[in-house]
Structures are given as structure tokens and as C-alpha cells.
Amino acid sequence: MKEASLEIKIYPDPVLRKKSQDVQQVADEEKRLIDYMAETMYANQGVGLAAPQVGVTKRIIVVDAGDGLLKMVNPRIITKKGASLLEEGCLSIPEKQVEIQRAEEISVLYRDEKNSRTIKSFKGLTARAIQHEIDHLNGKLIIDYLPWFKRIFPKKGEVKCLQ
Ligand code: NI
């Protein structure tokens, strides 16, 4: 498994701030990328991974928060319900955890690896992970949710952010 793992880009790598592009067609290249991304996510005990985290600015994410592997191309949240607060980590920002409020339930329009358009609803940790990964596609990171004083004085903030 390990040999198929891709290198995870670590903050402040500039690729993590880029806005990813829509995929016109899921071709062999994208399918291979999706498989590598899934293996990389599992090898690093992550619950999700977005393409820019492996240096590719395409709108592709993989998520497995315990309900099986989801492969999503061009994911778009179309409805949101409820709100919950939870500490999140990110494979691209090691040893940092940030409390983030996100929708509890979402429905997502996306393309699967066979190019079929799908709309599905998700809740709980899976919904949270999808929202986190879609943030990556827009160049947004968990540290952007920190209050301004923790961004200016990161050391002081860190004490509270680590569990
Ligand atoms: Ni992340």
C-alpha cells in the first residue's frame, strides 16, 4: 500500500491556497489520481483528502469517515441543515486542531468516477469531512477559522487549540 502513497503537501505550501478547477471529464488520469488519493488517505489515517493536498488543483475529493469510501468530482453543496461544533485536524497542518462550526446535514451534487451526476445527503462526521475537503478546493484551511487574535499570536492560541 505504502508505495502507492502520494506526498502530502504541508502548510504553507502555496498549492494549498490555490483555487482548484472543475474536471471536464473523469478520464483514466483522474481515476488513477482518485485511487492514489484514497490509498494516501488510508496510509495516513485521514478521513478525507482533497487533490490540492497532493499538489493537483482539480476539484476532486475522497472521504471515508467510517461509512465507506466516497469519491467525489466537482462536489457542490446544494443544501445545508443544522450546525455542530467540533475540533478538526488536517493532514496538511500537522499537530494543529481548530474548533469549527459546520452544517450537520448537507446534500451534495457531484460526479462519481464513472462521470454520473449524483445527489446524495450526508450527516455527522461524513458531512463534516466533505465540507472540510471542499474548503481545500477553494484554498481555505482550518486555520482560517481561528479568531483573529489566535492568528496574530499563534503561540498563545495553540495552547487552547491542542486538545
Ligand atoms: Ni485538510
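A nonpolar core is a set of buried Ala, Val, Leu, Ile, Met, Phe, Trp, Tyr and Cys residues joined through side-chain atoms within 4.5 Å. The structure on display is a predicted model, and the tour starts from such a core.

First, select Ile61, Met72, Ile106, Val108, Phe122 and Ile130: within the largest nonpolar core, which has 15 residues, these touch the most other members. Next, colour β2 (60–63), β3 (70–81), β6 (105–111) and α2 (124–137), each of which supplies at least two residues of this core. Helix α2 gives the largest share, five residues.

Now centre the view on Phe122. Beyond the residues up to four places away in sequence, Phe122 touches Leu70, Met72, Glu104, Glu105, Ile106, Val108, Tyr110, Ala127 and Ile130. A separate core, of 13 residues, can be selected afterwards; Val26, Leu33, Met37 and Val73 are among its members.

Proceed to the nickel ion. Its protein donors are the SG atom of Cys90 and the NE2 atoms of His132 and His136, at 2.1 to 2.3 Å from the ion. Along the chain, the donors follow the spacing C-x41-H-x3-H. Cys90 belongs to strand β4 (residues 84–90) and His132 to helix α2, so that distant parts of the chain, 42 residues apart, are linked by this pair. Cys90 and His132 are both buried.

Finally, select Ala83, in the loop between β3 and β4. Is Ala83 buried or exposed? Ala83 is exposed, because its relative accessible area is 51% and the term applies over 50%. Outside its neighbours within four places in sequence, Ala83 is in contact with Gln101, Arg102, Ala103 and Glu104. The C-alpha atoms of Ala83 and Ala103 are separated by 4.3 Å, although the two residues are 20 residues apart along the chain.

Notes. Residues numbered from 1 in each chain as written. Predicted model: local features only at pLDDT ≥ 70, side-chain atom pairs only at ≥ 80, totals over all residues. Heavy atoms only, no water. Buried < 20%, exposed > 50% of the residue type's maximum accessible area, 1.4 Å probe, protein only. Helix = DSSP H or I, 4+ residues; strand = E, 2+ residues; numbered from the N terminus. Contact = heavy atoms within 4.5 Å. Donors = N, O, S within 2.8 Å, 3.2 Å for Na, K, Ca; no water.
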